[in-house]
Amino acid sequence: MKAMVATRKGLFELIHIGGKWKLDQISFLGEPLSMCLHDKRDGAVYAALNLGHFGVKLHRRDEGRDDWTEIAVPAYPEHAKTEDDVEWKLKAIWSMETGGGDEPGVLWAGTLPGGLFRSADRGNSWELVRSLWDKEERKEWMGGGYDTPGIHSICVNPRNPQHILLGISCGGAWKTEDGGKYWKLCASGMHAAYMPPDLADKQNIQDPHLITRSKFASHVLWCQHHNGIWRSEDDAASWQQLHLPEGIPDFGFAVAAHPRNPDVAWFVPAVADQKRVPLHGAMSVTRTRDGGKTFESLRNGLPQQDCYDLVYRHGLAVSENGKNLLMASTTGNLWASENEGDDWYQISANLPPIYAVKFY
Amino acid sequence: MARLIFTQQLSRFTEVPEVEALADNLRDALEAAFQVNPALRGYILDEQGDLRFHVVVFIDGKRVMQRSGLRDPLSSNSQVYVLQALSGG
């Protein structure tokens, strides 16, 4: 089992030896990474860089090789300046996913300022998905987390990779059932407490911080939203808000879904949007094992005083067996659990700010 | 001929040629450099052909203020420095 961590200053890889994680190879040391991806279909690894001066870059490392190759980046088509508030310029690759098992070479990239891109050739070329980008509703999207709108969640249905659900901050959730030709807004039931009352239920301005899909029961989706936690049991046709007990905040960014049990999910709480630190300075992970009816706070092995770590939306991951978890913070802490979150240990306290962690 | 000097910070990512170009404006001079190393283009310009936000260009000691167009005139012995702006980190 391996994992990788995309940080503000490089890509760090981890190996699991003797029941513990250890830091291993480092790539792009000093450079800002925004996302990483492993393609289990061909073993390639992708690293998305966001160079402070020289723009977004994408690199691929093919299986069995140590060296990286710079490949194409998603680029917005040439565009005359118009009334569009959003510049047609790539700001960051915020999410990456592989296509289906029967679509070798297909990759998806979600970007700031809100464009979805598709590659059919392992990232050697990219095409903006105009069917979504050209929708009038896109112009209502707002920045959430960054100044421009962005696509942070790409939930490809493993049973039918033509079915894809996107999470957009702030643009709700959008679904295609034909591989990206037609898109439908699918955020019914979400509620935006940060909007004027008459706009709070508007689907197109919702701020899902992250949406993730159950691999086993692909109609089940979990959403950590800006002001709460939602779940869908009908592939995003409707969303139900889940109510957490007193003392467990429902604000946060990350959510991980158990790959085999659709009733199990993990979240990392922070006090509230105006106070993005752990409650009482004590780090915790929130887990439900009954589809969101009840929640428990997991703390064993996590710092319980003077802790001000924040876990970003891609900073929590679960392994394919559902037992191993990795959690990484913007303070550079990296923790692991080997037993579904019951107990945690620290792998490192000294990494750069961490944006994403992935098993592979 | 105008002379283009790129920041050596770029050499971490791609080859950085020192180019002498028969060009009477900045864009044509940059295009001459991109012919020497096509990968350089994406590091200096964005996909709309504008100067990247945190890249700064000086022509004969004067900073280029407009990021679009880039038709700033060059003389036959202009010195063009393409640098990273400190605002970028």
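In the predicted model, A:Gln206 is in contact with A:Ile168, A:Cys170, A:Gly171 and A:Gly172, leaving aside its neighbours within four places in sequence. The contacts of A:Gln206 also include A:Ala187, A:Met190, A:His191, A:Ala192 and A:Tyr194, and A:Ala200, A:Asp201 and A:His225 belong to the list as well. A:Gln206 sits in the loop between strand 15 (184-185) and strand 16 (208-213) of chain A. Its relative accessible area is 0%, and because residues under 20% count as buried, A:Gln206 is assigned to the buried class.

A:Cys170 is also among the residues touched by A:Gly143. The other contacts of A:Gly143, not counting residues up to four places away in sequence, are A:Thr148, A:Pro149 and A:Ser169. A:Gly143 is located in the loop between helix 1 (130-133) and strand 12 (150-156) of chain A. With a relative accessible area of 33%, A:Gly143 is partly exposed. The C-alpha atoms of A:Gly143 and A:Leu116 are 16 Å apart in space, and the two residues are 27 residues apart in sequence.

A:Asn333 occupies the loop between strand 25 (325-328) and strand 26 (334-337) of chain A. A relative accessible area of 9% places A:Asn333 among the buried residues. Residues up to four places away in sequence aside, A:Asn333 touches A:Asp309, A:Met327, A:Ala328 and A:Gln346, together with A:Ser348, A:Ala349 and A:Ile354. Of these, A:Met327 and A:Ala328 carry numbers that fall within strand 25 (325-328). A separation of 32 Å is found between the C-alpha atoms of A:Asn333 and A:Ala217, which are 116 residues apart along the chain.

A:Met1 is placed in the segment before strand 1 (2-7) of chain A. Its relative accessibility is 41%, and A:Met1 accordingly counts as partly exposed. Not counting residues up to four places away in sequence, A:Met1 touches A:Leu14, A:Ile15, A:His16 and A:Trp21. A:Met1 also touches A:Ser319, A:Asn324, A:Phe359 and A:Tyr360. In sequence A:Met1 and A:Glu320 are 319 residues apart, while their C-alpha atoms are 9.9 Å apart in space.

The secondary structure of chain A consists of 1 helix and 28 strands. Chain A has a radius of gyration of 19 Å, close to the 21 Å that the globule rule gives for 360 residues, so chain A is as compact as a globular protein of that length. Taken along the principal axes, the C-alpha atoms of chain A fill a box of roughly 55 × 55 × 40 Å. Buried residues account for 59% of the 360 residues of chain A. Of the contacts in chain A with a separation of 6 or more, 49% are between residues 24 or more positions apart. Chain A has an accessible surface of about 14300 Å², and 48% of that surface belongs to carbon and sulfur atoms. There are 38 positive and 46 negative side chains in chain A, with the centres of the two sets lying 2 Å apart.

Chain B contains 2 helices and 5 strands, arranged along the sequence in the pattern β-β-α-α-β-β-β. For chain B the radius of gyration is 12 Å, which agrees with the value near 12 Å that a compact globule of 89 residues would have. The C-alpha trace of chain B spans about 30 × 25 × 25 Å along its principal axes. Of the 89 residues in chain B, 48% are buried. Among contacts in chain B between residues at least 6 apart in sequence, residues at least 24 apart are joined in 49%. The exposed surface of chain B is about 4700 Å², with 51% supplied by carbon and sulfur atoms. Chain B carries 9 positive and 11 negative side chains, and 6 Å separates the centres of the two sets.

The contact between the two chains involves 18 residues from chain A and 18 residues from chain B. About 1500 Å² is buried between chain B and chain A, and carbon and sulfur atoms give 48% of this area. On the chain B side, the residues that lose the most area to chain A are B:Tyr43, B:Glu47 and B:Gln48, which together make up 43% of what that side buries.

Note on methods:
Residues numbered from 1 in each chain as written. Chains lettered and ligands numbered in written order. Predicted model: local features only at pLDDT ≥ 70, side-chain atom pairs only at ≥ 80, totals over all residues. Heavy atoms only, no water. Helix = DSSP H or I, 4+ residues; strand = E, 2+ residues; numbered from the N terminus. Rg over C-alpha atoms; globule rule 2.2 N^0.38 Å. Buried < 20%, exposed > 50% of the residue type's maximum accessible area, 1.4 Å probe, protein only. Contact = heavy atoms within 4.5 Å. Areas by Shrake-Rupley, 256 points an atom, 1.4 Å probe, with all protein chains shown as cover. Lys, Arg positive; Asp, Glu negative; His and termini not counted. Charge placed at Lys NZ, Arg CZ, Asp CG, Glu CD. Buried area = accessible area lost by both parts, 1.4 Å probe.
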